[in-house]
Structure formats: structure tokens, C-alpha cells
Amino acid sequence: MRLGRLRARLSQQKAELQEALALNRELATRDELTRTHNRRHMNELLRVQQSQARRLAAPLALFVSQQPLPWLLAWLAERAAASPTAAA
């Protein structure tokens, strides 16, 4: 009986530790107030993409903007509409 309680307690503690670890990961990569990704997350993402580009011998493009992106979406839509294949 005592062994069963110990197993249950260990199982509960493991679940609590997993939740705490997930929260820790979240807080390490997101701003607590705005919930946006932070520099640490972007550095990790860049590292992963660089590794993939090297592995595939593919070029890597990086776009960085501090401004909202609606202008980019409008520009892309204009280019797509003006494209000769857009009418097809």
C-alpha cells in the first residue's frame, strides 16, 4: 500500500515538474507582458534555420522589421496581381 502511494506521489510530482518546465520554456522565449517572441527565441530560430540551410546546401534569407507588416502584404498582393501568371 505504501509503495502505491509513493508511486502516485512521484507521478504527481513528475507532472508538476513537466508543467513548470513548460512554463519556464514559455517565459524564456516570450515577453511576459506582450506574449510576443523575444530575442532568445529569434536566436534559436535563426540557429535552427542556419543548420537546415547548411544541411540542404540552400541559401538562407533573413527579413527583419520593427514595423508592422501590412505594407509588405499589400506589396506582395500587388506583385501577384501584376504577375503574368496571375491571370492564368
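1. Let me start with the charge pairs: the structure holds 2 salt bridges. Please keep in mind throughout that this is a predicted model. In general terms, side chains of opposite charge can pair when their charged atoms come close. The two pairs are worth a look one after the other.

2. One salt bridge joins the side chains of Glu44 and Arg47, with an N to O distance of 2.6 Å. Both residues sit in helix 2, and because they are 3 residues apart there, about one helical turn separates them. Glu44 has a relative accessible area of 39%, so this residue is partly exposed. Arg47 is partly exposed as well, with a value of 47%.

3. The other pair is Arg30 with Glu26, whose side chains meet in a salt bridge at 3.0 Å, N to O. How accessible are these two partners? Arg30 counts as partly exposed because its relative accessibility is 25%. Glu26 is also partly exposed, and its relative accessible area is 29%.

4. On charge across the chain, you will find 14 positive and 7 negative side chains. The centres of these two sets lie 12 Å apart.

5. Now for the overall layout. The chain has 3 helices and 0 strands, and from the N terminus on its elements run α-α-α. The radius of gyration is 23 Å, well over the 12 Å that the globule rule gives for 88 residues, so the chain is more spread out than a compact globule. Along the principal axes, the C-alpha atoms fill a box of roughly 75 × 35 × 30 Å.

6. What share of the chain is buried? Buried residues make up 2% of the 88 residues; the cut-off behind that word is a relative accessible area under 20%. The chain exposes about 8,400 Å². Carbon and sulfur atoms supply 59% of that exposed area.

7. One surface feature to inspect is a nonpolar patch. Which residues form the patch? They are Phe63, Leu69, Trp71, Leu73, Trp75 and Leu76, and together they have about 640 Å² of accessible area. Trp75, one of the patch residues, is placed in helix 3. At 41% relative accessibility, Trp75 counts as partly exposed.

8. The loop between helix 2 (39–56) and helix 3 (70–82) deserves your attention too, and Ala57 is in this loop. Most residues other than glycine have a negative phi. Ala57, however, has a phi near 55°, a positive value in a residue other than glycine. With 70% relative accessibility, Ala57 counts as exposed. I would be glad to hear your view of this residue.

9. Two further residues help to place that loop. Leu62 lies in the loop between helix 2 and helix 3, and it counts as exposed because its relative accessibility is 64%. From Leu62 to Ser51 the C-alpha distance is 14 Å, with the two residues 11 apart in sequence. Val64 also lies between helix 2 and helix 3. At 66% relative accessibility, Val64 counts as exposed. The C-alpha atoms of Val64 and Ala74 are separated by 17 Å, and these residues are 10 apart along the chain.

10. Lastly, a contact to check by eye. Where is Ala28? Ala28 is in helix 1, which covers residues 2–29. Ala28 and His41 are 13 residues apart in sequence and 7.9 Å apart in space, C-alpha to C-alpha. Ala28 is partly exposed, as its relative accessible area is 23%.

Conventions. Residues are numbered from 1 along each chain as its sequence is written. This is a predicted model: local features need pLDDT of at least 70, side-chain atom pairs count only at pLDDT 80 or more; totals for chains, interfaces and linings use all residues. Side-chain values use heavy atoms; hydrogens and water are left out. Helices (H or I, at least four residues) and strands (E, at least two) are DSSP runs, numbered from the N terminus. Buried means under 20% relative accessible area, exposed over 50%, partly exposed in between (1.4 Å probe, protein chains only). Patches are made of residues with over 30% relative accessible area and no salt bridge: like charges are joined within 9 Å, nonpolar side chains (Val, Leu, Ile, Met, Phe, Trp, Tyr) within 5 Å. Accessible areas come from the Shrake-Rupley method with a 1.4 Å probe; for residues, only the protein chains shown count as cover. A salt bridge is a side-chain nitrogen of Lys or Arg within 4 Å of a carboxyl oxygen of Asp or Glu. The radius of gyration is taken over C-alpha atoms; the globule rule is 2.2 Å times the number of residues to the power 0.38. Lys and Arg count as positive and Asp and Glu as negative; His and the chain ends are not counted. The place of a charge is taken as NZ of Lys, CZ of Arg, CG of Asp or CD of Glu.
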